[in-house]
Amino acid sequence: MAADLQAKYQKLAQEYSKLRAQNQVLKKAVVDEQGQGASLKEELKMKDQSVRKLQQEMDSLTFRNQQLAKRVELLQEELVTTEAKGKKSKQKSVDPPTQMNQQRQSVFDEDLQNKIQENEHLHRQIQEAQAKHRQTETDLRERLLVLEKDAMQHEAVMDSLKKKYMDTIEKLQNDKATLEVKSHSLEREAKDCRLRTEECQQQLKDIHTDLSSRLDRSISIIQDKVPFNDTRFAEYSVLDVPVHDRRHQLKARDVSGQALAFLQDLVGALLNFHTYTEQRIQIYPIDSATDTISPLNQKFSEYLHENASYVRPLEEGMLHLFESITEETVTSLETTVKLKPFSDVFTTYVCFLKKILPYQLKSLEEECEYSVCTANLQARNMELQSDMKKMTAMFEKLQVYTSLLALPSTKPEMLLQTNYNVVFTQLAACLHSLHDVMKDISKHYSKKVSLEQELPTITQKLKNTNDCILSSVVALSNVTGKIGTFFSNNLDFFTVPSVYSSRIAMSVIDPVAAECMLANKKKAAAYIKSLKKLRPGSVPYEAALANRKTILSSTESREGLSQQVQQSQEKIAKLEQEKEHWMLEAQLAKIKLEKENQRLTELESQLKTAMTGKMPFVGSIQENGTVHKIEEELQLVEKDSKEPVRSTSLVGMLTTSINNEIPDAESREQLIKSHYMMRVAELTAQLQIADSKSVYFYAECRALAKRLALAEKSREALSEEIKVANQNIVRLQDELTTTKRSYEDQLSMMSDHLCSMNETLSKQREEIDSLRMGSKDLCSNKITSHLNLNGTHPTCSI
């Protein structure tokens, strides 16, 4: 029975998915119809513009034709007048000798004109040649003047050089004389130095003999008196306990406490930022409560849901580091062993940031592709993408510097002591740059939030989430600023060389040696405490005599104590025997329990075979009133879909008018224009009807979705009832072990309950079948109406 109900439920789910797919198809069809309407409007506008252009061309052509007609009339009149004049000129006679003279005169004039042009050309060439000659003459004269000036300058330079050479020769001669005098004086000083060196050598020999004798004495004393010299090897001096600087330790404790407080604030801000980012992804651009979000955002939200497992260990690691720094320890990079676990935890968090960075960037790109996203919002999203990249890079730098600071406690040879200052200064600069990046993020995100609040589709839930993210980003910028200022203020304390490293005077300090040094320090402190204890005073004689009696009584009481010990041992042996007995009893009880469980399983199998009906598992639809409402709404939709669409086409009118009588061009154009105007009005009316029906269908689909959600809730309630019934069955099976009569009574009650459940399930099955048929009819009616709107109906064709 349950299997059949599950199969029917699966069929219902499949049909619901089909309905959703059909809904998407209908939505797409409505959108296509709207696009076709818009294209038709654009075509109508283009045709109107073409008609206007043609009318303007016709007006211009008529005006031009009128001008040309007037021009032709004028030309005809001129032609008439010229023909009349030609006739008159033919009647008159012309003298031949006057024509010959005129021809000769014209030839002479042409020759004279040619000669004049040749003379002009020759005069121009002569003037150009004279101008060139003058120009070359002036250029040569200027060049000659320049060369003369250069020659004068060279002569002056030669005279000055000669004077300089003479002066240098005189100086050199004077220097030569002074050097000869100095050489004589130096020779004298050299003789004096030789004498002094001989005296110093003699003194050196005397000192050497004295020191050798002292050395022999000191060696003999060291060999006889000094058993061990720990200053000979630098490795032994590593184990020396340095001077305890309590002020330095208190300062280190205070600084680590402040760092722990700032890190706790940072951890809280990061947790809020990641958590509210996950909440925003679930809401925008697609709300997960109404529709499924993209697989990218699902994966991103899964990663963000794990942020606490990466962020919380930062606080724990810093707490362990703070607890390891006490007044009794010696704090330095070599002795802070807890810094390495903190750097490892920070490395895992940076890896988490690297992992979520591409998903974050793709999520912002997906927001940009959303239809509501404006150009300003896209620009803000691009700025946030660059900011997120910078933030991850800054955290990577911080991770590198913290791992470098953790090296001296594990591998001291990887980081020299001379580089400690550089690492601390770079870490401070990196913290300040991280604060700048967080300020940019808060500024850009505030702009983005202000732009999103202007959108018409924004919800109150998204507004609250944006405010929470903005507050977390502001908290991050404040905390990073405080951390940067704190680190820069205490940079002198961090870069001061520790007492331990300065005392040892070694380049590399082994962490194992540092641990041994701390152990030696504890031993030395304990030894000094033991020395400072007061010695107990001696017992007076009278008190000793009084205590003697108690000592004697205690010797007598030893026998009683020995007897008590024997009795207690006997009791222990008895208790052990009882323990073994009860262990055997427990094993027997376990065996009996296993047998009882086997018997109960057999009874359960017999009960299942005896029962005819099985437990149902299907959902119900609310009430009968809702079914009647659905049927009424379906009838309304069927009435709307069965109404014929009126067509006011003018093609028939055109054909009848053409058959009856042939109209002129103007009436035909007016008729065509009115036909297309009526057709456009008809199409717009159909589009409005389609829009209204699509809105109604969307509302119906939402109502069906809500009803299906209510049906699922009722199904869950029935499943809970089924669980209660199963629990009753288990209870009844437990009671089977008591008596047979109670078993029969409970079985009859259970059968009655199952019958009632089967009846309720049959009713619910009938309601579901009726709802399924109603939804199928509704979808078929909607599809037919949509096809009619698309033009497949014969009354809608042009």
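Here is a short chat between a student and a tutor about the structure above.

Student: Before we start, what kind of model is this?

Tutor: Residues are numbered from 1 along each chain as its sequence is written, and side-chain values use heavy atoms, with hydrogens and water left out. Local features need pLDDT of at least 70, side-chain atom pairs count only at pLDDT 80 or more, and totals for chains, interfaces and linings use all residues, since this is a predicted model.

Student: How many helices and how many strands are there in the chain?

Tutor: Both kinds are DSSP runs numbered from the N terminus: helices are H or I over at least four residues, strands are E over at least two. By that count the chain has zero strands, and its helices number 18.

Student: What percentage of the residues count as buried?

Tutor: Buried means under 20% relative accessible area, exposed means over 50%, and partly exposed is in between (1.4 Å probe, protein chains only). The chain has 798 residues, and the buried share is 26%.

Student: And what does the accessible surface of the chain come to?

Tutor: Areas come from the Shrake-Rupley method with a 1.4 Å probe, and for residues only the protein chains shown count as cover. Carbon and sulfur atoms hold 57% of the chain's accessible surface, which comes to about 57,200 Å².

Student: Of the contacts between residues at least 6 apart in sequence, what percentage join residues at least 24 apart?

Tutor: A contact means heavy atoms within 4.5 Å. Among contacts in the chain between residues at least 6 apart, the share that joins residues at least 24 apart is 87%.

Student: Is glutamine 385 buried or exposed?

Tutor: Glutamine 385 is found in helix α8, residues 375-406. Leaving aside neighbours within four places in sequence, it is in contact with Leu361, Leu364 and Glu365. Its relative accessibility is 7%, so glutamine 385 counts as buried.

Student: How many salt bridges are there?

Tutor: The rule asks for a side-chain nitrogen of Lys or Arg within 4 Å of a carboxyl oxygen of Asp or Glu. By this rule the count is 12.

Student: Which residue forms a salt bridge with arginine 141?

Tutor: Arginine 141 is exposed, because its relative accessible area is 53%. The partner counts as partly exposed because its relative accessibility is 32%. The two are four residues apart in helix α2 (residues 96-225), so about one helical turn separates them. With the closest N and O atoms 2.7 Å apart, the partner is glutamate 137.

Student: What is the N to O distance between arginine 214 and aspartate 210?

Tutor: These two also lie in helix α2, four residues apart, about one turn of the helix. Aspartate 210 is partly exposed, at 36% relative accessibility. The side chains meet in a salt bridge, and the N to O distance is 3.6 Å.

Student: Which residue forms a salt bridge with aspartate 344?

Tutor: Aspartate 344 counts as partly exposed at 37% relative accessibility. Its partner lies four residues away in helix α7 (residues 339-368), about one turn of the helix. The closest N and O atoms are 2.9 Å apart, and the partner is lysine 340.

Student: Where is alanine 308, and how far in space is it from leucine 271?

Tutor: Alanine 308 lies in helix α6, residues 308-324, and counts as partly exposed at 33% relative accessibility. Not counting residues up to four places away in sequence, alanine 308 touches Leu271 and Pro313. Alanine 308 and leucine 271 are 37 residues apart in sequence, and their C-alpha to C-alpha distance is 6.6 Å.

Student: What distance separates the C-alpha atoms of threonine 374 and leucine 451?

Tutor: Threonine 374 sits in the loop between α7 and α8, and it is partly exposed at 37% relative accessibility. Threonine 374 and leucine 451 are 77 residues apart along the chain, and their C-alpha atoms are separated by 8.9 Å.

Student: What area does the nonpolar surface patch with Val157 have?

Tutor: Patches are made of residues with over 30% relative accessible area and no salt bridge; like charges are joined within 9 Å, and nonpolar side chains (Val, Leu, Ile, Met, Phe, Trp, Tyr) within 5 Å. Valine 157 lies in helix α2 and is partly exposed at 43%. Together Val157, Met158, Leu161, Tyr165, Met166 and Ile169 make a patch of about 590 Å².
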